[in-house]
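Hello,

Here is the structure I promised to pass on to you. Have a look at it first, and then read on for a tour of what turned up in it.

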Amino acid sequence: QLQASGGGSVQAGGSLRLSCAASGSTASIKAIGWYRQAPGKQRELVAAITSDGSINYVASVKGRFTMSRDNAKNTVFLQMNSLKPEDTAVYYCNLPILAGVNYWGQGTQVTVSS
């Protein structure tokens, strides 16, 4: 089970670091992603660690967001800098296979005010 946390309300230009805690070891997780869903919009993949270990970002967050993992803490992080109002959304972490069958855990709300 994956649970996202660390959201909050910040002004534009601010930063937040989201955490995704796994109930088990993350060392065995090959691929994992951060997703977000803004009001009235479809859920989108924001950043992902792929099975070959590379990290990919959606164009809108490149250079501002950084995804990382700490297997010793069974946690995956999303460092979000230079936040913009359009980053406002509920953020989720998930395995691609679970996202594919629309199974989601609890997300964390990020609100960016202008």
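One term before we start: a residue counts as buried under 20% relative accessible area, as exposed over 50%, and as partly exposed in between. Please also keep in mind that this is a predicted model.

**The four-stranded sheet**

A good place to begin is the open sheet of four strands, which run in the order β1-β3-β8-β7 with antiparallel pairing. At its edges are β1 (2-5) and β7 (65-70), each of which has a pairing partner on one side only. On average, neighbouring strands here are turned by 15° against each other, direction ignored. As background, strands of a sheet pair through backbone hydrogen bonds, in either a parallel or an antiparallel way.

To find your way in, start from β1: four bridges connect β1 with β3 (residues 16-22), in the antiparallel sense. Within that pairing, A4 has C20 of β3 as its bridge partner. On β3 numbering you will also come across R17, whose charged end sits over the ring of F77, 4.1 Å from the ring's centre.

**From β10 to β6, strand by strand**

The next set of pairings can be followed one step at a time. Strand β10 (residues 108-113) is joined to β9 by three bridges, and the two run antiparallel; here V90 has Q109 of β10 as its bridge partner. Strand β9 (residues 89-94) is mostly covered, with five of its six residues buried.

From β9 the path leads to β4 (residues 32-37), through an antiparallel pairing of five bridges. W34 is a handy landmark: its bridge partner in β9 is C93, while in β5 W34 stands opposite A47.

β4 is in turn joined to β5 (residues 44-49) by five bridges, again antiparallel. These two strands form a hairpin with six residues between them, and G40 in the turn has a positive phi of about 75°. Another hairpin follows, made by β5 and β6 with five residues between them; in its turn, G53 has a positive phi of about 90°. Three bridges join this antiparallel pair, and I49 stands opposite I55 in β6.

**R36, a buried arginine**

Which side chains make polar contacts with the side chain of R36? One is D87, at 3.0 Å, and another is Y91, at 2.9 Å. R36 is found in strand β4, and it counts as buried because its relative accessibility is 6%, which falls under the 20% cut-off. Leaving aside neighbours within four places in sequence, its contacts also include Q42, V46, S60, F65 and V90.

**Aromatic rings**

There are two aromatic pairs in the structure. In one of them, Y35 and W104 meet edge-to-face, 4.9 Å centre to centre and with 80° between the planes. This pair links distant parts of the chain: Y35 is in strand β4, W104 is in the loop between α1 (96-100) and β10, and they are 69 residues apart. Y35 is buried, with a relative accessible area of 10%. Ring pairs bring Y35, Y92 and W104 together in a cluster. W104 has a further neighbour in R43, which lies over its face at 3.9 Å from the ring centre.

**Some loop residues to look at**

Two residues that are not glycines have a positive phi of about 50°: N74 and S82. N74 lies in the loop between β7 and β8 (75-80), and S82 in the loop between β8 and β9. Are they buried or exposed? N74 is partly exposed, with a relative accessible area of 23%, and S82 is also partly exposed, at 40% relative accessibility.

Finally, G63 belongs to the loop between β6 (55-57) and β7. G63 counts as exposed because its relative accessible area is 84%, over the 50% cut-off. G63 and S82 are 19 residues apart in sequence, and their C-alpha atoms are 9.2 Å apart in space.

Enjoy exploring it, and do write back with any questions.

Best wishes

Note on methods. Residues are numbered from 1 along each chain as its sequence is written. This is a predicted model: local features need pLDDT of at least 70, side-chain atom pairs count only at pLDDT 80 or more; totals for chains, interfaces and linings use all residues. Side-chain values use heavy atoms; hydrogens and water are left out. Two strands pair if DSSP finds at least two bridges between them. Axes are lines fitted to C-alpha atoms, for helices over the stretch in contact, and angles run from 0 to 180 degrees between N-to-C directions. Buried means under 20% relative accessible area, exposed over 50%, partly exposed in between (1.4 Å probe, protein chains only). A polar contact is a pair of N or O atoms within 3.5 Å; within protein, one must be able to donate a hydrogen and the other to accept it, and residues adjacent in sequence count only if both atoms are side-chain atoms. Contact means heavy atoms within 4.5 Å. Rings of Phe, Tyr and Trp (its six-membered ring) pair if their centres lie within 6.5 Å; planes under 30 degrees apart count as stacked, over 60 as edge-to-face and the rest as tilted. A charge sits over a ring if NZ of Lys or CZ of Arg is within 6 Å of the ring centre and within 35 degrees of the ring normal.
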